[in-house]
Structure formats: structure tokens, C-alpha cells
Amino acid sequence: MLKQIDHLGIAVRSLAEAIPYYEKALGLTASAVEEVPSQRVRTVFFACGDVHLELLEPTDPESPIAKFLEKNPAGGIHHLAFRTDDIAAQLSQAAGAGVRLIHEQPIDGAGGKLVAFLHPKSTQGVLTEFCMPKAAGGGAHH
Ligand code: ZN
């Protein structure tokens, strides 16, 4: 079941340039920077109530975030992430409803979570992520 909006993913060219805006202009506090090899990005999170903002800086010119920045040079909202307590069930529900999946199986995401993306062609134009803390659901997804 979907529990809440977990975070909004925001593509930026440079974390170093973007972080001061969120910290100084908005008064949010940045987490430590984390590199996520599976998505070829460096990320930082800002908590805003129960929802987080995830800034994504590409580490590879061929990464999906780099491609997004080619089309959207100023950066911008890249994806919407829902937290679920059973990512495998969520993926099969979506697939059963005819949704194309980017990840048939969840991959390791930032913050020790399992994540999986749905294809934006199937999601009314919004790139959609499911995420689940690894502690939940037993972690048996192989
Ligand atoms: Zn995300």
C-alpha cells in the first residue's frame, strides 16, 4: 500500500550551487551528500515535514538525470516518489494495470531504500518512483 509522498526528486546541475538556495533562502537543512551508483547521481535530502526534497546531480553524462538536464537546462522537478510498505506488491499491481516498468525488480536507492521507477509514458507524464525502507517487508526481493 502507498503510505505517503516520500519525496520529490529535483534535478540540479550542481549540488554545490543548489544547496545554498535550500539552506539559506528556504531555511532547510541538508543531509550528507550520498553517491548512488545504481542511478549515477549524487543526492542530498532536505526534510520538509514528512516529505523530503531529493536533489540529484548527475555523475555521468549518460545518466538519466544528465539527459533530463539536457532537455531542461535550468533543472526542475524530475520525479515523484511514493513510500510503500511492499514494493514488490506495488510493482505487480502497477504492471497488472498495464503500466510499463523501468525496474521490474527494485534497486538500491539513496538513504538505504529499495526503489523502482515506472515508465513516464504509462504514468500520465509524471516519472513515478516507489520506495521502501529496506527494514520493511523483510527485504527479500531477489
Ligand atoms: Zn527519488
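**Exercise 1.** In which sense do β2 and β3 pair, and over how many bridges?

*Solution.* In this predicted model, begin with the two strands themselves: β2 and β3 pair in the antiparallel sense, and the pairing extends over 3 bridges. Next, look for a bridge that can be traced residue by residue, which is offered by Glu 34, whose partner in β3 is Thr 43. Finally, follow the chain from one strand to the other, where β2 and β3 form a hairpin with 4 residues between them, and where Arg 40 in the turn has a positive phi of about 50 degrees.

**Exercise 2.** Describe how β3 continues into β4, and find the residue with a positive phi in their hairpin.

*Solution.* The pairing of β3 with β4 is antiparallel and runs over 8 bridges, and within it Ala 47 has His 52 in β4 as its bridge partner. The hairpin of these strands has 2 residues between them, and Gly 49 is the residue that takes a positive phi, near 65 degrees.

**Exercise 3.** Determine how β1 pairs with β4, and state which strands helix α1 lies across.

*Solution.* Strand β1, residues 2–11, pairs with β4, residues 51–58, in the parallel sense over 5 bridges, and Ala 11 stands opposite Leu 56 in β4. Helix α1, residues 15–25, lies across β1, β3 and β4, and runs at about 0 degrees to β3.

**Exercise 4.** Place these strands in the whole sheet, and name its edges.

*Solution.* The open sheet is formed by 8 strands in the order β2-β3-β4-β1-β5-β8-β7-β6, with mixed pairing. Its edge strands are β2 (34–36) and β6 (107–108), each of which pairs on one side only.

How values were computed
Residues numbered from 1 in each chain as written. Predicted model: local features only at pLDDT ≥ 70, side-chain atom pairs only at ≥ 80, totals over all residues. Heavy atoms only, no water. Pairing = 2+ DSSP bridges. Contact = heavy atoms within 4.5 Å. Axes fitted to C-alpha atoms, helices over the stretch in contact; angles between N-to-C directions.
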